[in-house]
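Open the model in your viewer and keep the selection panel at hand. The tour below goes stop by stop.

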Amino acid sequence: MSAIQARYFDGKSSAARETSLELDAQGVLRVRGEGIDCSWPLAEVRVSDRIGASRRYLDFPDGSKCETADNDGVDRMFAGQVPAASNLLPRLLHRWESGLRYALAAAAITVAAAVAAIFWGIPALAKQVAFALPASTESLLGRDALAALDHFIFKPSRLPPERQEALQKLHAAMLADLTAGRVGGGGYRLELRAGGRAGANAFALPAGIIVMTDELVALSKDDRELEAVLAHEIGHLRQRHILRHVLQDSVTVLLIAVTLGDLTSLTTLAAAAPTLLLQAKFSRDFEREADDFALGHLARRGISPEVFAAILQRMEDNRPDGKDAPDFLSSHPGTRERIERATAKR
Ligand SMILES: [Zn+2]
């Protein structure tokens, strides 16, 4: 067997000396260099694990050691030795690190982990944060969101005071019903607004704020239809969908920005925050949750789900034109599917 070159440290000083290591037929390792000549049974020599191209260390019983870059030589030398179980992981690590196949597998796992984080990890995290957020923080967010919308989109409601009062009563009765049924629904408040380019619409904002537009009130044929829409929005509020959505989007943008090293998108994110609230395209899961809540409420009140289907259909038919119009129905994907679900629950 050919000798391998190594640097020898006597364990007493930091000085390194060039040596050669050679294994004889009896399994004895001979270390030779200037002023060095010692032999150790190979079984008594401890060798460090092979990890990539990093240097290996051979520890001798007297505290001296050798360092070598000749990984293959070391492997050949110790080939007859049975590896301890504890060596298996480092050996696997080495194999993974050195094989292109493994490198590709590692890359695929990284991408899959990032995708999983975006689809499952971030939503789960956003849910936790949304429910853990202090009430004071949430009410600030809600106040700011409403102020921004009042500034850019909405105008004060032009409904006659007695109509506004009637709608507030309807909303209060719903909350009382939810509380009585122990469904929970305290602290939600209804804000009536002229919708501007938001058209016939309703929104659930943070801090339990529901905005309903005059146009939606005009579009309805029956207050039970408005009750159905209110119940849907309450469903969003109960699950804190808007907060979760904004948190999810923000973290996703952050993750992508950091991954791509494109930090300019962060300024865009900050500037876009108020718009995010309005154009929130809730996932189908969120919509289903809100719909289920609305349908449950209607069932408890003995109101036909047809009522909900009817207002959904009329909103679909009256959706505002124009790209920048915040679009209630685009934020409510699959209107047809939802109408069918609603009517299937009869
Ligand atoms: Zn919705």
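Select V47 and L58: V47 stands opposite L58 in β6. The two belong to a predicted model numbered from 1 along each chain as its sequence is written. Local features here need pLDDT of at least 70, side-chain atom pairs count only at pLDDT 80 or more, totals for chains, interfaces and linings use all residues, and side-chain values use heavy atoms, with hydrogens and water left out.

**The open sheet**

Now show β5 with β6 (residues 56-59). They pair in the antiparallel sense over two bridges. Two strands pair if DSSP finds at least two bridges between them. Strands are DSSP runs of E, at least two residues, and helices are runs of H or I, at least four residues; both are numbered from the N terminus.

Widen the selection to the whole sheet. Seven strands form it, in the order β4-β3-β2-β1-β7-β6-β5. The sheet is open and its pairing is antiparallel. At the edges sit β4 (36-41) and β5 (46-47), each pairing on one side only.

**Strand β9 and its partners**

Go to β9, residues 189-194. Five of its six residues are buried (under 20% relative accessible area, with a 1.4 Å probe and protein chains only). The strand is therefore largely enclosed by the rest of the structure.

Select β8 (residues 155-156) next. Two bridges join β8 to β9, and the two run antiparallel. K155 stands opposite A194 in β9. Then add β11 (residues 209-213). Five bridges join β9 to β11, and here the run is parallel. Pick R193: its bridge partner in β11 is T213.

Stay by β11 for A207, in the loop between β10 (202-205) and β11. Its phi is near 65°, a positive value in a residue other than glycine. A207 has a relative accessible area of 22%, so it counts as partly exposed (between 20% and 50%).

**Two helices crossing**

Two packed helices are described by the angle between their axes and the distance between the axes. Select α7 (residues 223-238) and α10 (residues 284-300). Their axes come within 7 Å and cross at roughly 130°. Axes are lines fitted to C-alpha atoms, over the stretch in contact, and angles run from 0 to 180 degrees between N-to-C directions. The pair is therefore oblique: angles under 35 degrees count as roughly parallel, over 145 as roughly antiparallel, 65 to 115 as roughly perpendicular and the rest as oblique.

Which residues of α7 and α10 make the contact (heavy atoms within 4.5 Å)? On α7, choose E227, A228, A231, H232, I234, G235, H236 and R238. On α10, choose F286, E287, A290, D291, F293, A294, H297 and L298.

**Buried spots and a positive phi**

Follow α7 into the loop between α7 and α8 (241-260), where R240 lies. R240 has a positive phi of about 50° although it is not a glycine. At 24% relative accessibility, R240 counts as partly exposed.

Jump to A130 in helix α3 (residues 100-132). Buried or exposed is the question for A130. At 0% relative accessibility, A130 counts as buried. Leaving aside neighbours within four places in sequence, A130 is in contact with R240, L243, R244 and L247. Measure to V246 as well: A130 and V246 are 116 residues apart in sequence and 9.7 Å apart in space, C-alpha to C-alpha.

Last stop: R314 in helix α11 (residues 305-317). At 15% relative accessibility, R314 counts as buried. Not counting residues up to four places away in sequence, R314 touches L219, S220, K221 and E225.

Definitions and conventions: Contact means heavy atoms within 4.5 Å.
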